Amino acid sequence: MTFAWPWALLGLLLVPLVVVAYLRQQQARASRRAALAEVGLVAPAPRSPWRRRVPVLLFLLALVVLLVGFARPEATVPQPRREGTVVLAFDVSGSMAATDIAPTRLEAAKAAARGFVQRQPAAVRIGIVAFGATGLVTQQPTSDRASVVAAIGRLSPQGGTALGGGLQTALGAIVGKPVVVPGSDPGGGPEPSGPDLGYHGSAAVVLLTDGENTAQPDPLQVADIASTAGVKVYPIGLGSPAGTVLQIDGFQIATRLDEPLLQQIADRTDGRYFAASDPAALAAVYDAVELEWTVQAEHIEVTALFALAAVLLAVAGAGLSLAWTGRVV
């Protein structure tokens, strides 16, 4: 325990003076009582003086606690907190403009994501990744909620669906460096022996998509890398497994939700897959994201506890004194 005002502890020097003053008062009171008892005016002093001493000891202890409280004591207290990093990876392919989830798939996902961001404690950092034909970090993980919400608002649908690339980019945002997938080097160079990303057990990726993977790398390879790094992936399927045909720039584009692939990604990373068929279901998905609870030591002032203890001791002393002697002191 430390003290913000350690000089206030000098007040404890008053305690011996209070004890001396009280003893002198008691001696004077005992002398007067003895003198009056000799002439029969009062009864002799009781034989059990401990009933007088217990309340006094409580008052004295209350004074000590109060004086220590004046020094503003601070203690290191373990505090549970929910912390970690969450990357929201949005599929921004052209099919996300479909209106089977009102107003569109992407807008519904963005609205639910804003609610998720606002509900997270300050200890949770949130990043944004947009992936179409490629993946792009539009907001590095941060605790600045305004920047995250602004990044969500800038998302717009365009391009194809590189599911593996989006997951790869999201994982890179968590670990703070590019993630190389073995066998995906376009230059034909030697395959890396395996990414050394460290362990990030308090991180998660929320993967929002409505379509099939149409580009390298293989999403399952990236999922295995995420699993090795301790990162859970929560895929959210937007759309229908039966598929639909969209009109985009005069072209008909068929899109189908690949639920088995998304389920495998979740299974390989110990995450969960969710099918979001409407805005309400989509909002509930975000609440299911599991982050670790950790215990962190925090230095807090405990003056109020000392003040409360002093009051309780003084009240107890006064109550016992009134009950046993008919007076407070």
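**Figure 1. I126 sits in strand 4 of this predicted model.** Let's start with one residue and look at what surrounds it. I126 counts as buried, because its relative accessibility is 0%, and the cut-off for buried is under 20%. Leaving aside residues up to four places away in sequence, I126 touches V86, L88, F116, V117, Q120, Q140, P141, T142, R145 and V148. Now find G84: it lies 42 residues from I126 along the chain, yet the two C-alpha atoms are separated by 8.6 Å.

**Figure 2. Helix 4, residues 145–153, has four buried residues to pick out: R145, V148, A151 and I152.** Look down the helix axis and these buried residues fall within an arc of 125°, so they line one face of the helix. What do they pack against? Their partners are strand 3 (84–91), helix 3 (105–119), strand 4 (124–131) and strand 5 (135–142). You've met two of these buried residues already, since R145 and V148 are among the residues that I126 touches.

**Figure 3. Here helix 6 (residues 219–228) packs with helix 7 (residues 259–268).** Their axes are 8 Å apart and make an angle of about 20°. Angles under 35 degrees count as roughly parallel, and helix 6 and helix 7 are therefore roughly parallel to each other. Their crossing is right-handed. On the helix 6 side, the contact is made by P219, L220, A223, D224 and S227, while helix 7 brings L261, Q264, I265 and R268. Sort the residues of this contact by class and you get 5 nonpolar, 2 polar and 2 charged.

**Figure 4. R72 has a positive phi, even though it is a residue other than glycine.** The value is near 55°. Where is R72? Look in the loop between helix 2 (50–70) and strand 2 (73–82). R72 is partly exposed, with a relative accessible area of 27%.

**Figure 5. D270 is not a glycine either, and its phi is positive too, at about 65°.** You'll find D270 in the loop between helix 7 and strand 10 (274–276). Is D270 buried or exposed? With a relative accessible area of 60%, D270 is exposed, as the cut-off for that is over 50%.

**Figure 6. Zoom back out, and the protein chain shows 9 helices and 11 strands.** The chain has 329 residues, of which 39% count as buried. Take the contacts between residues at least 6 apart in sequence: 79% of them join residues at least 24 apart.

Key:
Residues numbered from 1 in each chain as written. Predicted model: local features only at pLDDT ≥ 70, side-chain atom pairs only at ≥ 80, totals over all residues. Heavy atoms only, no water. Axes fitted to C-alpha atoms, helices over the stretch in contact; angles between N-to-C directions. Helix = DSSP H or I, 4+ residues; strand = E, 2+ residues; numbered from the N terminus. Parallel < 35°, antiparallel > 145°, perpendicular 65-115°, else oblique. Left-handed = near helix turned anticlockwise from the far one by under 90°. Contact = heavy atoms within 4.5 Å. Nonpolar A, V, L, I, M, F, W, Y, C, P; charged D, E, K, R; others polar. Buried < 20%, exposed > 50% of the residue type's maximum accessible area, 1.4 Å probe, protein only. Arc of directions from axis to C-beta.
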